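User: Could you take a close look at one strand in the middle of this discussion and work outward from that strand to its surroundings? I would like the strand pairing, the burial and the adjoining contacts treated together.

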Amino acid sequence: MTLPEAGRIVFVTGGARSGKSSFAERRAAQEAARVGGGVTYLATAQAFDDEMTGRIARHRADRPAGWVTHEEPLAVPAALRAVTTPAALLDCLSLWVSNLMLAGHTDEAMLDAADDLLRAARERGGVTVLVTNEVGFGIVPDNALARRYRDLLGWVNQRAAAASDEAHLIVSGLPLRLK
């Protein structure tokens, strides 16, 4: 198995239940098959209630048996640097930004962490598929915390999309290649 010198970034965005995770999983599996290696799934979700516990369990059950799963809600750049498979799938930036906010990180610290994540993706070789939600298509939130989250995720998404080699918008299960 030979990895490219610089890692490739594939950015996948869309709304809730748009099919972005399924698309990202197929894209990661294609890359792993192309170079003859495996996939590491970096999960950022945290189970704070029974409903989320069920969602996480369904996601785990849907992943292929040979995939390596690493659950990391906060130290995502470090977790990505530890990946040794040629394909890494990070699902998702949206929850990661939320986790950082809830942990008390400043806006500047979160944007710095996003830049560090993108550096880690380039430095590790292979392909890194980044999944995120597009939350800016809706109405302006009615409270400061929700507006802060929408803005921060928008800025993180802009950075990730600009740094990506491929970018896809998934709408109703249909992918639209943006670049």
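Analyst: What follows starts from strand E5 and moves outward to the parts that adjoin or follow E5 in the description.

This is a predicted model, in which local features need pLDDT of at least 70 and side-chain atom pairs count only at pLDDT 80 or more, while totals for chains, interfaces and linings use all residues. Residues are numbered from 1 along each chain as its sequence is written, and side-chain values use heavy atoms, with hydrogens and water left out.

Strand E5 covers residues 127-133; helices (H or I, at least four residues) and strands (E, at least two) are DSSP runs, numbered from the N terminus. Seven of the seven residues of E5 are buried, so the strand is largely enclosed by the rest of the structure; buried means under 20% relative accessible area, exposed over 50%, and partly exposed in between, with a 1.4 Å probe and protein chains only. In a regular strand the side chains alternate between the two faces of the sheet. Both faces of E5 are covered, with Val127, Val129, Val131 and Asn133 buried on one side and Thr128, Leu130 and Thr132 buried on the other.

The pairing of E5 can be taken next, where two strands pair if DSSP finds at least two bridges between them. E1 and E5 run parallel and are joined by seven bridges, and within this pairing Val10 has Val129 as its bridge partner. Strand E4 (residues 87-91) is also parallel to E5, over five bridges, with Ala88 standing opposite Thr128.

E1, which spans residues 8-14, is in turn joined in parallel to E6 by five bridges, and Gly14 stands opposite Ile170 in E6. Strand E6 (residues 166-171) is mostly covered, since five of its six residues are buried. E6 then pairs with strand E7 (residues 174-177) in the antiparallel sense over four bridges, and Val171 stands opposite Leu174 in E7. The hairpin of E6 and E7 has two residues between the strands, and in this hairpin Ser172 takes a positive phi near 50 degrees.

From E5 there are also contacts to helix H4 (residues 93-102), in which Ser94 lies. Ser94 counts as buried because its relative accessibility is 2%. The side chains of Ser94 and Thr132 are joined by a polar contact of 3.3 Å; a polar contact is a pair of N or O atoms within 3.5 Å, where within protein one must be able to donate a hydrogen and the other to accept it, and residues adjacent in sequence count only if both atoms are side-chain atoms. Leaving aside its neighbours within four places in sequence, Ser94 is in contact (heavy atoms within 4.5 Å) with Val131, Thr132, Asn133, Tyr149 and Leu153.

Trp96 also has its place in helix H4, and at 1% relative accessibility this residue counts as buried. Its contacts, again leaving aside neighbours within four places in sequence, are with Thr44, Pro73, Leu74, Val76, Pro77, Ala113, Ala114 and Leu117.

Beyond E5, the loop between this strand and helix H6 (144-163) holds Gly136, which at 46% relative accessibility counts as partly exposed. Gly136 and Thr44 are 92 residues apart in sequence and 21 Å apart in space, C-alpha to C-alpha.
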